[in-house]
Amino acid sequence: MCNWLQELNPQQRAAAEFGEGPLLVIAGAGSGKTKTLAARVSSLVARGCDPGRIMLLTFTRRAAREMVYRAQTTSDDPEIPRVWGGTFHSVGARLLRTYADTLGLNPEFTILDSTDAADLMDMVRREIGLTGFQGKRAPMKKTLLGIYSKILNTGLSLTQTLTRFYPDIPVEGDQLRGLFRRFAEYKQQRNVLDYDDLLLLWSKLLDHQPLQEHLDQLFVHVLVDEYQDTNHLQAEILRKMRINCHNITVVGDDAQSIYGFRGADIHNILDFPKQFPQTTILKLEINYRSQQPILDLANRIIGCADQQYTKVLRTTRKGDNRPLFVHAMDDQAEAQYVARSVLIRREEGIPLTRQAVLFRSAFQSAQLEVILAKYNIPFRKFGGLRFLESAHIKDILAILRIAENPKDPIAWMRILLLIPGIGPTSAARLLDQFNALGANPACLEQLQPPPKAKATFQQFTQLMAAITNPNPPPPHEQLEKAYRFYAPLMEAKYENARTRARDLEELGAIAQSAANRRQFLTDLALEPVSTGAFNPHTPPTEDEVLTLSTIHSAKGCEWDVVYLLHAAEGMIPSSMSMHDQDQLAEERRLLYVAITRARDSLSICFPAQYQSSPFRSGHRLNQRTSFLDRAAMALMDTVSAGDLLDGETAPVDAPTHLNPRIGKNAMQSMIDMWEDES
């Protein structure tokens, strides 16, 4: 018996050693699904499967790398890294570049992130003169992109999408179809794809029968992680990938399906046995994270769900710390209780880094943030602005994007508008001139910028010559050259230039490991680096900080001590979900996810009233969340926040020393799909 098999419990081993056919693994919270999926890869290779014929799909590339690494450490086969591991989008991009000719696609396409795609949508809207609907202004660019994306990812028609998701937005279907058609045309002409295109074109690739049969035979096994988070289009891709060969393993937990607002469809995992007949269902119910009293509460919460794969989590850990239900007079008392408790826990030997405060929506931590500042408790709030969404990062990457794809209009407009003396009109004129000359960087010297912009534009022309020659320097050196051009422009345009420069240094460090510019830009677009995304695999920093996080951002993480704020009706479940049973069910799952983040201690806080609300002034009385019924309350100890706060008039023992893409017709079909639905 292989040593690594001995490390698995019977449920995990049954999943790892499963043979042929469709397999659904229902993996409860903290049940070792990553270890199990990695073990399945090792088991398949040990049984003679070529690693290069295994596709492993995850929702982050880091997760794919971790699973492949774990599989490699448990196997003597040096070929395991040949596994096709990555996100749906990264694997889709790889397949599209490989089979681009089949789609009439230029394999040198560049990828737009969501912000740039929204900017392009807005550019197209202005180009066609669409300023509004029914006498009102047109929706914001992100809303327009959201409608477009919802249609592609959910499989709903335009009319259905507007009715279900955007009932209050005054839009006209014919005008939107015209906009979306032109948006698709514009991307095709400029050889750019957005995230949705990567999935849609992968699906269209599989509509070409010879290629579908080829890929069906090429990949002997397809494994998918976090299947509960897949959308309609991703599930459709998987069905097309498994026409004759039915070896597909999906791992997920219906109880942790909390991303419906992103298009995730819980019915993908609930209906998997219908989509793949003769499916074997295995369950992982042994939790290695939490103490049993915490799991008892979690089991009660999710046990009341209407649609689910029934499971009961049990632990191997010792401990009998019952969760606390903390009754506070108001939101301020709730915040003070949490702050004081955090300090007490720290004095008991539990560092701030092993404690976390979770909440349903980002605004719900506002009161706490004020109190933490008064107590001198350093914290980081996760789920914030993405690193690549910072203006200065997008600026400098636009230079490399132009070098990689000179037809990229968003990157061009971004750079041209940075140059003093160039405004929107002259930028559009220069871009038209450049495209008329064949969109070749060698033709830049023939352009005629405004007199005030000539010197800086000449510097940019020299820069492009240096990074677009037949033998360009490696990505990090291209960034260095771009920085020398960009630095004075950044200092003139933005405040905090020194802080922004440090961000650019971090970007240069990331570029060190990239083999070429295309890989560098593709990796960044498909898995952005975040300044506010918690990574449980990152070693702790020297600074001891408390974690504040939305529940959505905390999924996949764990802490010794967890505090959950605002366990009130209207907060969780959110008031916007109260009249929709599907949304209400997702809110219940959200509470389940929050509870199962805790290892040893869980405090669920309930403020009886709010001194102030984000929506109204004055006091408002609250009701305890309906998810905590009598049976759930019986599994907790109720305490009063006042018992801890009585007599306290000022912060005590504050740690002041701490630092806070079938044929050319396929491409045309992406345009034609926006014709009238009739």
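## Exercises on a predicted four-domain model

The backbone nitrogen of R360 lies 3.1 Å from a polar atom in the side chain of Q364. This distance belongs to a predicted model, and the exercises below concern that model.

### Exercise 1. The setting of Q364

Determine where Q364 is found, whether Q364 counts as buried or exposed, and which residues Q364 touches beyond four places in sequence.

Solution.

1. Locate the residue. Q364 is part of the loop that runs between β14 (355-359) and α18 (366-374).
2. Assess accessibility. The relative accessibility of Q364 is 5%. Buried means under 20%, so Q364 counts as buried.
3. List the contacts. Setting aside residues up to four places away in sequence, Q364 touches F359, L565, H566 and M571.
4. Add the polar partner. A polar atom of the Q364 side chain is 3.1 Å from the backbone nitrogen of R360.

### Exercise 2. Backbone geometry at three sites

Identify the cis peptide bond at P573, and state the phi values of E226 and Q278 together with the surroundings of each residue.

Solution.

1. Recall the usual case. Most residues other than glycine have a negative phi, and most peptide bonds are trans.
2. Examine P573. The peptide bond joining I572 and P573 is cis, with omega about 5°. P573 sits in the loop between β17 (559-564) and α27 (581-595).
3. Examine E226. Its phi is positive, near 50°. E226 belongs to the loop between β8 (221-224) and α13 (232-241). With a relative accessible area of 16%, E226 is buried.
4. Examine Q278. Here too phi is positive, near 65°. Q278 occupies the loop between α15 (272-275) and β10 (280-284). Exposed means over 50%; the relative accessible area of Q278 is 78%, so Q278 is exposed.

### Exercise 3. A residue in helix α2

Establish whether Q12 counts as buried or exposed, and which residues are in contact with Q12 beyond four places in sequence.

Solution.

1. Locate the residue. Helix α2, residues 10-16, contains Q12.
2. Assess accessibility. Because its relative accessibility is 1%, Q12 counts as buried.
3. List the contacts. Apart from neighbours within four places in sequence, Q12 is in contact with E7, S31, G32, T36, L284 and Y288.
4. Consider separation along the chain. Q12 and I286 are 274 residues apart in sequence, while 9.4 Å separates their C-alpha atoms.

### Exercise 4. Domain 1 against domain 4

Describe the contact between domain 1 and domain 4: how many residues does each domain contribute, and how many salt bridges are counted between them?

Solution.

1. Set out the domains. The assignment gives domain 1 (3-97 + 198-284), domain 2 (113-190), domain 3 (294-384 + 537-647) and domain 4 (388-526).
2. Count the residues in contact. Domain 1 supplies 6 residues and domain 4 supplies 4 residues.
3. State the separation. Taken over C-alpha atoms, the centres of domain 1 and domain 4 are 38 Å apart.
4. State the buried area. The two domains bury about 420 Å² between them, with 57% of it on carbon and sulfur atoms.
5. Count the polar interactions. Between domain 1 and domain 4 there are 0 salt bridges, and 1 residue pair is in polar contact.
6. Assign the domain 1 side. Helix α5 (residues 88-98) provides its largest share, 4 residues. By class, the domain 1 side that touches domain 4 has 2 nonpolar, 2 polar and 2 charged residues.

Methods: Residues are numbered from 1 along each chain as its sequence is written. This is a predicted model: local features need pLDDT of at least 70, side-chain atom pairs count only at pLDDT 80 or more; totals for chains, interfaces and linings use all residues. Side-chain values use heavy atoms; hydrogens and water are left out. Domain bounds come from an automatic or database domain assignment. Contact means heavy atoms within 4.5 Å. Buried area is the accessible area (1.4 Å probe) that two parts lose on being put together, summed over both. A salt bridge is a side-chain nitrogen of Lys or Arg within 4 Å of a carboxyl oxygen of Asp or Glu. A polar contact is a pair of N or O atoms within 3.5 Å; within protein, one must be able to donate a hydrogen and the other to accept it, and residues adjacent in sequence count only if both atoms are side-chain atoms. Helices (H or I, at least four residues) and strands (E, at least two) are DSSP runs, numbered from the N terminus. Ala, Val, Leu, Ile, Met, Phe, Trp, Tyr, Cys and Pro count as nonpolar, Asp, Glu, Lys and Arg as charged, and the others, Gly among them, as polar. Buried means under 20% relative accessible area, exposed over 50%, partly exposed in between (1.4 Å probe, protein chains only).
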